[in-house]
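Welcome! Please work through the exercises below with the structure open beside you, and try each task before reading its solution.

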Amino acid sequence: MAQTDVLLTKQPAPQTVPACELPPKLYDVARNTGAYTSSGLATAGFRTAKYVLDEWFQNCYARYHQAFADRDQSERQRHESQQLAAETEALAQRTQEDSTRKVGERLQDAHCWKSELQREVHELVAETDLLLAQKQRLEHALDATAVPFTIATDNLQCREQRQHPDLVRDHVEMELLKEAELIRNIQELLKRTIMQTVNQIRLNREQKETCEMDWSDKVEAYNIDQTCARYHSQSTEVQFHPHSAKFEESASTPETWAKFTQENLCRAERERLASVNLRGLIDCILRDTSEDLRLQCDAVNLAFGRRCEELEDARHKLEHHLRKTLREIPDQEHNVAALKQAIKGKEAPLKVAQTRLYQRSLRPNVELCRDTAQFRCPPSGQSWEGRATAHPPGVVHRPRASLGLWGP
């Protein structure tokens, strides 16, 4: 880009001849002091001194010579003034043409920077709109995590209501806890990403406003320079501004002017690239979190399926044993009835044995002998009584409890 040299390093040369006082002109006047003069002589009847004829001619010739010298000097000054006016006119014309050319170059530079700023503003606006759409996706994703988190926590709370034998820390509970923890981590990640997105949107808008301010200033300066480029010596809009040539202390140089706009463009480009990278990161986050949730959901469903199969198998086995137990209960009841009948059938032999023992205990003196018959009777009576009372009371009175079906 062409750099315009519009700064002056020294005071410009004056455009006109500076006004100054002309040197004083001295005139030599001949006095009546010569040898042939009448100065000092008493002249009767006259109150002033008179000059001789030669003095008169001498005085005239002196005036002629002085007039010729003055005209010659005036002609030289007039010629020099005309030449200086022509040179000044040519210099003013060249200066005006050079200034017009410099203003034209300045217009080109301003138009180039103005176009770059306008392009960057449009790109920032488009990028900010895309980032706002990504922010809405993040918010929707964060809202969508509330449903699976509620389902996971409800499942955990419902499983806490299981009865004591089934209240176990199984694989399903582990997967549900993992799912709840994963959803909480995803929610925290989405919240942090939303905050980062909001901050990036703020930076984009700040850089957009900065570029718009710079663009607005350049548009105003471009219009002013465009108006100045149309001025010429015959323009009717021009007028005197005595103090317009004074340099402002806050005025920038062409280098700082270009550097200011270039830095604005660099910062805007940097924020725009950061916004593009953030949008790519948001896409990856949404894709990865969705995949993780889907995989964990599949793992929870698989654990539920396996646990349901285990419970279904246990239920079938319990039902099978229940059917067998229910069939065993009548058999055991019949067995108890048979045992009771058998006990009742042993009462008569028991009475005979006990009667014999009682009668033989009545033998007198030495006849009360522990003979073979005496030794034979007690075992018979005791064995019958023992066998009759050998069955547990629960088998006879509580057959269902003896099978472990009911509680005590």
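## Exercise 1: Confidence and overall fold

The protein chain has a mean pLDDT of 81, and 80% of its residues reach 70 or more. Keep in mind that this is a predicted model.

**Task.** Find two stretches where the pLDDT is under 50, then describe the helices and strands of the chain.

**Solution.**
- Step 1. Begin at residues 1-10, where pLDDT stays under 50 and the model has 16 contacts beyond four places in sequence.
- Step 2. Move on to residues 38-44, where the pLDDT is also below 50; beyond near neighbours in sequence, this stretch has 3 contacts in the model.
- Step 3. Now look at the secondary structure: the protein chain has 8 helices and 0 strands. Read along the sequence, that gives the pattern α-α-α-α-α-α-α-α.
- Step 4. Check how the chain packs. Of its 408 residues, 22% count as buried. Among contacts with a separation of 6 or more, 81% are between residues 24 or more positions apart.

## Exercise 2: A lysine without a salt bridge

**Task.** Is Lys114 buried or exposed, and which side chain of opposite charge is nearest to it?

**Solution.**
- Step 1. Locate Lys114 in helix H1, which covers residues 53-144.
- Step 2. Lys114 is buried, yet it has no salt bridge. Its nearest side chain of opposite charge is Asp214, 12 Å away. A salt bridge needs the nitrogen and oxygen within 4 Å.
- Step 3. List its neighbours. Leaving out residues up to four places away in sequence, Lys114 touches Trp215, Lys218, Val219 and Tyr222.
- Step 4. Look at Tyr222 once more: the charged end of Lys114 sits over the Tyr222 ring, 5.3 Å from its centre.
- Step 5. Follow another neighbour, Lys218, whose side chain meets that of Asp214 in a salt bridge (2.8 Å, N to O). Lys218 and Asp214 both belong to helix H3 (residues 171-229), 4 residues apart, or about one turn of the helix. Both of these residues are buried.

## Exercise 3: Salt bridges along helix H4

**Task.** How far apart are the closest N and O atoms in the salt bridge of Arg294 with Asp298, and in that of Glu312 with Arg315?

**Solution.**
- Step 1. For Arg294 and Asp298, the closest N and O atoms are 3.4 Å apart. These two residues are 4 apart in helix H4 (residues 254-345), so about one helical turn separates them.
- Step 2. Check their accessibility. Arg294 has 42% relative accessibility and counts as partly exposed; Asp298, at 39%, is partly exposed as well.
- Step 3. For Glu312 and Arg315, the closest N and O atoms are 2.3 Å apart. Both lie in helix H4, 3 residues apart, about one turn of the helix.
- Step 4. Glu312 is partly exposed at 33% relative accessibility, and Arg315 is partly exposed at 36%.
- Step 5. Step back to the whole structure, where a search finds 28 salt bridges. One network of salt bridges links Arg159, Arg162, Arg169, Asp170, Glu173, Arg307 and Glu310.

## Exercise 4: Aromatic rings

**Task.** How many aromatic pairs does a search of the whole structure find, and why is the pair of Phe57 and Tyr61 called tilted?

**Solution.**
- Step 1. The search finds 3 aromatic pairs.
- Step 2. In the pair of Phe57 and Tyr61, the centres are 6.5 Å apart and the planes are at 35°. Planes under 30 degrees apart count as stacked and those over 60 as edge-to-face, so this pair is tilted.
- Step 3. Phe57 and Tyr61 both lie in helix H1, 4 residues apart, about one turn of the helix.
- Step 4. Compare their surroundings: Phe57 is partly exposed, with a relative accessible area of 34%, while Tyr61 is exposed at 54%.
- Step 5. Widen the view to the aromatic cluster formed by Trp56, Phe57, Tyr61 and Tyr64.
- Step 6. Finish with a charge over a ring: the charged end of Arg106 sits over the ring of Trp257, 3.7 Å from its centre.

## Exercise 5: Apart in sequence

**Task.** What distance separates the C-alpha atoms of Arg119 and Cys211?

**Solution.**
- Step 1. Find Arg119 in helix H1; at 37% relative accessibility, Arg119 counts as partly exposed.
- Step 2. Arg119 and Cys211 are 92 residues apart along the chain, and their C-alpha atoms are separated by 9.9 Å.

Terms used:
Residues are numbered from 1 along each chain as its sequence is written. Side-chain values use heavy atoms; hydrogens and water are left out. Buried means under 20% relative accessible area, exposed over 50%, partly exposed in between (1.4 Å probe, protein chains only). Lys and Arg count as positive and Asp and Glu as negative; His and the chain ends are not counted. Contact means heavy atoms within 4.5 Å. Rings of Phe, Tyr and Trp (its six-membered ring) pair if their centres lie within 6.5 Å; planes under 30 degrees apart count as stacked, over 60 as edge-to-face and the rest as tilted. A charge sits over a ring if NZ of Lys or CZ of Arg is within 6 Å of the ring centre and within 35 degrees of the ring normal. pLDDT is the predictor's confidence in each residue, from 0 to 100.
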